[in-house]
Amino acid sequence: MSRTLFIGDSHANGYYEDPEKGLLTWQDNNYAEIYSKINNKSVVVYSQPGACNKKYPIWLRAMFDRYNDIDEVFIQTTYWNRYLLACSRELDIGDGIKPNHFSDGPNIKNDVERWTDFRTTENYVELVEQCRPELFEQFKGFNYDDRNTTADWGPFNEKYAYTKLWHESITHLQYREYCGDLFIIDNLCRDYGVNWHLWSINNRVFIPTYYDFYGPLKNCNVCITSAEDFISKTHGYSIEDRTSDGEHYLYDTHEVIAKDFIPFIKNLTKT
């Protein structure tokens with residue numbers, strides 16, 4: 001027996017917003033569960049609506065700690081404007097906290113074991129946030145004097161959302177952090193003898209051209225073709241025109257991803 005592990009955001013969570021029922025999760029618009037049915041294979045899916053890339057190495061380690069039969073991993077990389085916020089009841093740094101500390105699962109359905117994250121535990125809070133459009137301010141410029149950086153320096157007094165966007169998210173800091181997460185994932189997969197695949201669901205998600213900042217990824221296939229481009233070329237429609245709520249794609253798109261796109265990814269030459 002072997003398992004496929006899928007890690008992703010709301011698109012791997014069967015999530016969408018229904019005007020009458022509200023926010024729904026683990027619905028049938030979920031490529032991971034469709035993949036299990038098509039291939040008659042056990043699947044583990046770890047996902048969260050709004051998830052950020054920083055969650056992914058933690059989830060991977062938690063799943064490797066629990067399952068010893070994972071033989072392939074698919075990482076659905078997501079938007080770079082998402083980040084984590086946290087708090088501790090005791091104002092401590094969480095020394096000794098485990099990778100599964102926030103894990104919620106498994107929620108089992110047939111051959112699929114579903115995992116997501118709690119946002120709060122007894123002593124800790126961990127939230128996914130994003131640089132929200134309604135909080136955007138245009139870049140105001142940047143002045144720096146090494147001899148005169150005092151408490152009234154501009155970036156010290158801007159709103160957090162502004163500083164997060166212009167002085168971290170859209171900078172080389174985010175690029176290095178992203179490459180570092182890929183390097184961690186690659187080394188975890190190498191330690192467990194598993195190949196993994198990095199891919200994006202649409203063209204609004206960015207994968208850098210040079211992702212080997214910390215060294216080559218030795219167990220990874222990086223798919224530079226998005227599912228959006230693949231489906232447009234092979235099935236002749238735009239997935240952006242077929243959504244349930246303006247963001248989340250209908251069942252037919254998830255079925256194409258499970259049936260056609262994932263095999264396309266697996267057949268790519270290994271990095």
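Where is N40 found? N40 sits in the loop between helix 1 and strand 4 (42-47), and the tour below returns to this residue after a look at the whole chain. Welcome to a predicted model, in which local features need pLDDT of at least 70, side-chain atom pairs count only at pLDDT 80 or more, and totals for chains, interfaces and linings use all residues. Residues are numbered from 1 along each chain as its sequence is written, and side-chain values use heavy atoms, with hydrogens and water left out.

**The chain as a whole**

- The chain holds seven helices and eleven strands; helices (H or I, at least four residues) and strands (E, at least two) are DSSP runs, numbered from the N terminus.
- A compact globule of 271 residues would have a radius of gyration near 18 Å, and the 20 Å of the chain agrees with that. The radius is taken over C-alpha atoms, and the globule rule is 2.2 Å times the number of residues to the power 0.38.
- Along its principal axes, the C-alpha trace spans about 65 × 45 × 45 Å.
- Of the 271 residues, 46% count as buried; buried means under 20% relative accessible area, exposed over 50%, and partly exposed in between, with a 1.4 Å probe and protein chains only.
- Among contacts (heavy atoms within 4.5 Å) with a separation of 6 or more, 73% join residues 24 or more positions apart.

**Surface and charge**

- About 14,400 Å² of the chain is exposed, and carbon and sulfur atoms supply 49% of that area. Accessible areas come from the Shrake-Rupley method with a 1.4 Å probe, and for residues only the protein chains shown count as cover.
- There are 28 positive and 41 negative side chains, and the centres of the two sets lie 3 Å apart. Lys and Arg count as positive and Asp and Glu as negative, while His and the chain ends are not counted; each charge is placed at NZ of Lys, CZ of Arg, CG of Asp or CD of Glu.

**Around helix 1**

- W26 lies in the loop between strand 3 (22-24) and helix 1. This tryptophan is buried, at 15% relative accessible area, and its phi is near 55°, a positive value in a residue other than glycine.
- E33 belongs to helix 1 (residues 31-39) and is buried, with a relative accessible area of 7%. Not counting residues up to four places away in sequence, E33 touches W26, K109, V112 and R114.
- Back to N40: this residue is exposed, with a relative accessible area of 66%. N40 also has a positive phi of about 50°, although it is not a glycine.

**Strands 7 and 8**

- P106 is part of strand 7 (residues 103-109), and the peptide bond from G105 to P106 is cis, with omega near 0°.
- W115, in strand 8 (residues 112-117), is buried at 6% relative accessibility.
- Leaving aside neighbours within four places in sequence, the contacts of W115 include W26, Y46, M63 and P106.
- W115 and S103 are twelve residues apart in sequence, and their C-alpha atoms are 6.9 Å apart in space.

**A buried aspartate**

- D69 is in the loop between helix 2 (56-66) and strand 5 (70-76), and counts as buried at 15% relative accessibility.
- Apart from residues up to four places away in sequence, D69 touches M1, S2 and R3.

**Helices 4 and 6**

- In helix 4 (residues 160-169), the residues Y162, K164, L165 and S169 are buried. They pack against strand 6 (82-88) and helix 5 (172-191).
- Helix 6 (residues 227-235) has A227, E228, F230 and I231 as its buried residues. These cover an arc of only 165° around the axis, which puts them on the same side of helix 6; the arc is that of the directions from the helix axis to the C-beta atoms.
- Strand 10 (195-199) and helix 7 (251-266) are included in what covers the buried residues of helix 6.
- Just after helix 6, G236 takes a positive phi of about 75°.

**Between helices 6 and 7**

- T243 is in the loop between helix 6 and helix 7 and counts as partly exposed, at 22% relative accessibility.
- T243 and Y16 are 227 residues apart along the chain, and their C-alpha atoms are separated by 9.1 Å.
- Outside its neighbours within four places in sequence, T243 is in contact with H248, Y249 and L250.
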